[in-house]
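Grab a viewer and work through these exercises on helix packing, cavities and pockets. Try each task before reading its solution.

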Amino acid sequence: MPKLNENYLNVQDSYLFAEIARRVRAYEESHPEKAGNIIRLGIGDVTRPLTKSALDALHRAVDEQAAADTFKGYGPEQGYGFVREAAAAYYGRNGVDVDADDIFISDGAKSDTGNITELFAKDNVILVPDPVYPVYVDTNTMDGKHVVYMNGTEENNFLPMPDERVKADIIYLCSPNNPTGACYDREQLKIWVDYALKQEAVILFDAAYEAFVSEPDLPRSIYEIEGAKKCAVEFCSLSKTAGFTGTRFSYAVVPKELVFAASGGQKLSLHDMWNRRQSTKFNGTPYIIQYAAAQVFTEQGMSECMDNISYYMENARVIAETLRRKGIPFTGGVNSPYIWFKCPGGMESWELFDYLLEKIQVVGTPGAGFGVNGKYHFRLTSFGTHEKTREAMERFDRLF
């Protein structure tokens with residue numbers, strides 16, 4: 001009989017979005033006449049199609065696969081040089097110096113932020129914010145690591161800062177934050193970098209929503225902060241930036257400066273370890289996807305992406321305007337596609353979820369699914385269409 005990983009017993013029975021889908025499905029089955037009326041503003045999936053640059057590149061890459069002299073099979077596990085260089089150039093246009101050799105191409109920031117746990121021993125202390133993207137917690141729990149929480153609350157604008165009394169080895173930060181939409185400024189991130197350097201800790205920085213940052217004084221990469229290359233790995237994705245949720249493309253930046261001591265005292269490079277891990281367990285992102293992504297990173301490609309992002313941020317404005325008119329406190333919606341608001345009438349978040357589904361057929365995401373501090377908060381996304389978003393908020397307006 002195999003010995004199973006009993007750490008899975010410590011993970012919540014149902015993943016947040018699976019539970020949302022289950023409840024919506026149950027409602028549809030019991031109210032078939034209303035099933036077509038449901039508006040989904042819960043899961044952060046996009047609705048705008050791929051941009052022209054990305055589509056044209058996909059077609060060219062597919063045509064290349066039809067000819068023997070341009071056909072591509074297995075590629076480099078780290079990603080093709082042309083797309084790593086394109087990503088580095090994108091950083092450069094934003095004023096950040098990143099070595100293309102430090103960029104590793106993958107199929108999703110969710111995968112990378114979970115898989116990176118394999119590089120670290122089980123006796124590390126993992127520090128995560130609460131509320132938090134569930135993958136950070138669940139993957140470490142599955143691996144048997146000890147997770148410590150830092151409180152994100154209304155009082156600190158859902159941007160927890162380091163506590164010098166807490167010893168941490170691995171720190172998860174997400175800015176713009178999922179689920180709260182809050183963004184760290186440069187001074188706050190400098191405090192985090194200094195804390196990590198003092199603790200000899202590593203920051204795992206999720207920048208998946210960096211393209212949504214519109215205020216110039218807010219950092220889009222942790223590498224804008226002095227000293228970050230000695231203590232931070234950055235994860236990013238084209239899922240929301242370029243609509244690649246179904247196309248799958250991400251990248252992790254693992255600087256060569258990240259060197260830490262193993263339990264035996266010998267120095268190990270996280271860059272080399274991640275390279276070894278990817279080369280062993282990953283055969284690379286498909287060539288046609290990487291070819292399209294390289295075009296996304298161009299100035300023309302990013303200009304097209306920003307048109308789509310502007311579309312989504314108009315939805316965010318509509319949601320925020322409704323909440324503001326109702327006097328409901330919220331964060332996000334300016335530099336983030338997420339709007340995180342306090343549940344009206346003192347309701348708990350799952351209670352509000354069921355109430356909105358039953359009364360106005362609008363689906364959001366209960367804050368309790370992101371941690372204890374989300375119990376009385378709720379998340380809406382701006383990734384719907386203009387028509388559906390306006391209709392949802394008109395229903396919300398009438399309800400409250």
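**Exercise 1: two helices**

At what angle do the axes of helix H10 and helix H11 cross, and within what distance do they come?

*Solution.* Keep in mind that this is a predicted model. Two numbers do the job here, since a packed pair of helices is described by the angle and the distance between the axes.

Step 1: find H10 at residues 349-360 and H11 at residues 386-399. Their axes come within 11 Å and cross at roughly 100 degrees.

Step 2: put a word to the angle. The range for roughly perpendicular is 65 to 115 degrees, so H10 is roughly perpendicular to H11.

Step 3: look at who touches whom. H10 brings Tyr355, Leu356, Lys359 and Ile360, and these meet Arg395, Phe396 and Leu399 of H11.

Step 4: sort that contact by class. You get 5 nonpolar and 2 charged residues, with no polar ones.

**Exercise 2: closed spaces**

How many cavities of 30 Å³ or more does a search of the whole structure find, and which residues line the largest cavity?

*Solution.* Step 1: the search turns up 3 cavities of that size.

Step 2: take the largest cavity, with about 70 Å³ of space. Its lining is made of Tyr90, Tyr91, Asn94, Val96, Glu210, Arg220, Ser221, Glu234 and Tyr251. Those split into 4 nonpolar, 2 polar and 3 charged.

Step 3: move to the second largest cavity, at about 40 Å³. Strand S5 (residues 170-174) gives the most to this lining, with 3 residues. Among the lining residues are Pro129, Phe158, Asn177 and Tyr184. By class the second lining has 8 nonpolar residues, 1 polar and no charged.

**Exercise 3: open spaces**

What is the volume of the largest pocket, and how much space lies in the second largest pocket?

*Solution.* Step 1: the largest pocket has a volume of about 660 Å³. It is lined by 26 residues, and Asn124, Glu200, Phe260, Ala261 and Ala262 are the closest to its centre.

Step 2: trace the lining back to elements. Helix H6 (186-199), strand S9 (259-261), strand S10 (267-269) and helix H7 (270-281) each give two or more residues. The class tally for the largest pocket is 16 nonpolar, 3 polar and 7 charged.

Step 3: the second largest pocket holds about 460 Å³ of space. Of its 20 lining residues, Gly44, Lys110, Tyr133, Tyr209 and Lys240 lie nearest the centre. Here the classes come out as 8 nonpolar, 6 polar and 6 charged.

Terms used:
Residues are numbered from 1 along each chain as its sequence is written. This is a predicted model: local features need pLDDT of at least 70, side-chain atom pairs count only at pLDDT 80 or more; totals for chains, interfaces and linings use all residues. Side-chain values use heavy atoms; hydrogens and water are left out. Axes are lines fitted to C-alpha atoms, for helices over the stretch in contact, and angles run from 0 to 180 degrees between N-to-C directions. Helices (H or I, at least four residues) and strands (E, at least two) are DSSP runs, numbered from the N terminus. Angles under 35 degrees count as roughly parallel, over 145 as roughly antiparallel, 65 to 115 as roughly perpendicular and the rest as oblique. Contact means heavy atoms within 4.5 Å. Ala, Val, Leu, Ile, Met, Phe, Trp, Tyr, Cys and Pro count as nonpolar, Asp, Glu, Lys and Arg as charged, and the others, Gly among them, as polar. On a 1 Å grid over the protein atoms alone, a cavity is a set of points where a 1.4 Å probe fits but cannot get out, and a pocket is an open set with protein on both sides within 12 Å along at least five of seven lines; lining residues have an atom within 4 Å of a point. Grid points are joined across faces, edges and corners, and a volume is the space filled by probe spheres set on the points.
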